[in-house]
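Thanks for coming, everyone. I'd like to walk you through a structure that is new to most of us, so settle in and have a look with me.

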Amino acid sequence: MRNVKSVIAGLVALNIVGCSQSPTESVSTSLSMTGSSQAATVAKYKIQHPWLSLFMPSAVALTPPAMTDSSGRNVTLNKAWVVIKEIEFKPNETSDAAEVDGDEIKFRGPYVVDLLSLTPPSFGTAELPTGVYRRIKMKLEKDATLPAEAPVGLSGNSIYFEATVAGNQITYSADDGTEFKISGAGGINLNDNANLLVTIRLADLFKMIDLSGVNSNITITSSSRQPGANLCPLIDSSAADLYTCIRKGLEKAGKFGKDDDGDHEIEAGEDEVED
């Protein structure tokens, strides 16, 4: 899978809140996941609801505003769901190193995540050794039991989007059970209390895809890929269909860093994984 520099989300944000138990040994870490359409749409939840920040100091996504594709067409995202089977942290790898079996720390799901929800689900807690992290992997799950509020289109799939493109309805579903990863030479130094954040920026995802050929309602699936030429050169110049562009674009729109100031954004001066 393709290594990327900068997130589930849209793609996506994964919020990891660390509380140091032993500064030289490990950090007790809880996980949650949410999504962002662009930097300004990640809610400053503690500002909006200061009393709730005492109980729920996690990143929260706002419903994204109208976005644009690479040709400037308006895109409004209405639903965005993913199902994650497990999440792995790889403390002993660099971005171009071969996989080392057995050294990963896993959060096991499956986790059914509404990327536009105001209440990100908790993924539980785990002890992560202190040190530098340069890689995380998320394995998709297509056969999970779904909550009642999940859209019907997510059944049997690991990814489901609904959007409007210049007045036309599009749906995207992926029956993909593979992994995607975020990694790079730069790393996150997990040696103190830390808020680690992975964000899939859905607005950035659509800005890299040409939807100018969408002139009617369409459904995009593994068996109806909607072929075209030069659809997403910023994601994959060899991609010949919208299905591939969106699937690979989830990684390309990903970002992993340390949210030192707790404002739910990865900003200049904050540690970030870089290619």
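Let's begin with the disulfide count, which comes to 1 in this predicted model. The bond runs between C232 and C245, with a sulfur-to-sulfur distance of 2.1 Å. For anyone new to the term, a disulfide is a covalent bond between the sulfur atoms of two cysteines. If you turn the view so that you look at the S-S bond of C232 and C245, the angle about that bond is -80°, and the link is left-handed. Where do C232 and C245 sit along the chain? C232 belongs to the loop between strand 14 and helix 3, while C245 is in helix 3, and 13 residues separate the two. Both cysteines, C232 and C245, are buried.

Let's stay with that loop for a moment, since a salt bridge is found there too. D241 pairs with R225, and their closest N and O atoms are 3.9 Å apart. Both D241 and R225 are in the loop between strand 14 and helix 3, 16 residues from each other. Is D241 buried or exposed? With a relative accessibility of 11%, D241 counts as buried. Its partner R225 comes out at 34%, so R225 counts as partly exposed.

Now to the other salt bridges. Searching the whole structure turns up 7 of them, and I'd like to show you two that share a lysine. Please find K137. One of its bridges goes to E88, with 3.6 Å between the closest N and O atoms. K137 is in strand 9, residues 131-140, and E88 is in strand 6, so this bridge ties together parts of the chain that lie 49 residues apart in sequence. The other bridge joins the side chains of K137 and E179, at 3.4 Å from N to O. Here the link runs from strand 9, with K137, to strand 12, residues 179-190, with E179, and the two are 42 residues apart.

How accessible are these three? K137 has a relative accessibility of 8%, and a residue counts as buried under 20%, so K137 is buried. E88 is buried as well, at 6%. E179, at 25%, counts as partly exposed. Put the two bridges together and you have E88, K137 and E179 joined into one network through shared partners.

Let's move on to the nonpolar side of things. The largest nonpolar core holds 58 residues, and those with the most contacts inside it are L77, F161 and I209. Which strand gives the most to this core? That is strand 6, residues 74-89, which contributes 7 residues. Apart from this core lies another one, made of 7 residues, and W81, V83, V112 and A150 are among them.

You may want to keep F161 in view, because we meet this residue again among the aromatic pairs, of which the structure holds 2. In one of these pairs, the ring centres of F161 and Y172 are 6.1 Å apart and the planes meet at 40°, so the pair is tilted. F161 comes from strand 10, residues 159-165, and Y172 from strand 11, residues 168-174, with their positions 11 residues apart. Both F161 and Y172 are buried. Together with Y243, they form one aromatic cluster.

From Y172 and Y243 we can step to I220, which has both of them among its contacts. I220 lies in strand 14, and its relative accessible area is 0%, so I220 is buried. Beyond its neighbours within four places in sequence, I220 touches T171, Y172, S173, R225, Q226, L242, Y243 and I246. Look at T171 in particular: it is 49 residues from I220 in sequence, and the C-alpha atoms of the two are 6.0 Å apart in space.

One last stop is T221, in the loop between strand 14, residues 218-220, and helix 3, residues 242-252. What does T221 contact, leaving aside its neighbours within four places in sequence? The partners are S173 and Y243. T221 has a relative accessible area of 18%, and the limit for buried is under 20%, so T221 counts as buried.

That's my tour. Thanks for listening, and please bring your questions.

Methods: Residues numbered from 1 in each chain as written. Predicted model: local features only at pLDDT ≥ 70, side-chain atom pairs only at ≥ 80, totals over all residues. Heavy atoms only, no water. Core = buried A, V, L, I, M, F, W, Y, C linked by side-chain atoms within 4.5 Å. Buried < 20%, exposed > 50% of the residue type's maximum accessible area, 1.4 Å probe, protein only. Helix = DSSP H or I, 4+ residues; strand = E, 2+ residues; numbered from the N terminus. Phe/Tyr/Trp six-rings, centres within 6.5 Å; stacked < 30°, edge-to-face > 60°. Contact = heavy atoms within 4.5 Å. Salt bridge = Lys/Arg side-chain N within 4 Å of Asp/Glu carboxyl O. Disulfide = S-S within 2.5 Å.
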